[in-house]
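Let's read a protein model together, one feature at a time. Have a look at it first.

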Amino acid sequence: MKKTTLLVLMFVLCMVSYSVTAHAEWNFGLGTGPFLLNVKGDQGFHTDIAGPLTWDVDLDNEDMKDLRDSAIGFGGYATDGQWMIKYSFGKLKLEDDTSMSLSGGGSASAELGFDITAGEMSVGYPMVANESYILRPYVGVRYLKHELSAHLTVADGSTKMFMSQHVDESWTDILVGASLDVPFAQKFNWNVTTDAGFGGSEGTYLGSTGITWLFAKHWSTTLYGRYMAVEFENGSKGDADWYLYDVDEFGTGLTLVYNW
């Protein structure tokens with residue numbers, strides 16, 4: 001799988017190199033903006049004390065804001081009017097501290113951390129292009145990395161018990177998808193994107209749609225909705241390195257892009 005992913009990445013880079021040398025007129029864009037993330041599904045990992053644990057994940061945007069320690073993300077594109085190269089990178093860090101009193105006396109406290117790193121790159125070429133719309137298939141790669149840590153302390157008088165667990169998993173999927181751009185009115189564009197990724201995961205499926213407004217010579221903004229289903233499982237339930245992430249990630253976002 002790693003060899004296949006490397007070949008796809010080399011193909012993308014070769015297309016970039018070829019296009020840059022073959023065409024003189026290139027346009028670029030780079031931007032960032034907030035995204036109101038919601039997460040719903042199942043997550044689990046193996047513990048040394050209790051064995052495999054699975055729990056329901058149901059976090060709306062307000063929950064994510066309460067848990068968020070830091071977040072950063074950006075994306076960009078390069079195009080010569082035919083080839084379209086897109087890339088993005090994001091990093092989200094969630095933290096939670098909780099404590100409780102035990103019914104039999106004593107107390108328990110837990111420190112939880114969850115870091116997500118995501119990167120994506122794709123290259124596409126129009127299958128159909130006219131004044132009404134542009135249909136552009138694309139291929140690419142999507143990288144995801146999860147770092148999950150949990151530290152539990154149970155105190156009963158002078159006795160304390162500690163438990164720590166750490167998960168560090170990453171995977172890369174090959175993407176196959178298509179985008180549809182429909183210009184309308186003046187300086188407005190409607191975009192729909194969908195793709196599927198396989199290889200490192202059991203499957204990732206993405207769909208997004210948005211309206212872009214070119215409100216100044218070099219500036220544009222996009223209001224969009226995005227949904228991605230992710231299914232990843234490392235090993236089997238009962239294995240010491242078992243990890244499950246089977247969730248839907250969805251929400252709305254607003255980006256501000258500088259174009260040149």
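Q: Is Thr 32 buried, partly exposed or exposed, and why?
A: Buried means under 20% relative accessible area, exposed over 50%, and partly exposed in between (1.4 Å probe, protein chains only). Thr 32 is partly exposed, because its relative accessible area is 44%. By that yardstick, buried residues make up 36% of the 260 residues in the protein.

Q: What kind of model is this, and how are residues numbered?
A: It's a predicted model, where local features need pLDDT of at least 70, side-chain atom pairs count only at pLDDT 80 or more, and totals for chains, interfaces and linings use all residues. Residues are numbered from 1 along each chain as its sequence is written, and side-chain values use heavy atoms, with hydrogens and water left out.

Q: Which strand holds Thr 32?
A: Strands (E, at least two residues) are DSSP runs, as are helices (H or I, at least four), all numbered from the N terminus. Thr 32 sits in strand 1, residues 27–32. The protein comes to two helices and 13 strands.

Q: Which residues is Thr 32 in contact with, leaving aside neighbours within four places in sequence?
A: Contact means heavy atoms within 4.5 Å. Thr 32 touches Gly 73, Phe 74, Leu 254, Thr 255 and Leu 256. Leu 256 is 224 residues away from Thr 32 along the chain, yet their C-alpha atoms are separated by 5.7 Å.

Q: Among contacts between residues at least 6 apart in sequence, how many join residues at least 24 apart?
A: In this protein, 60% of them do.
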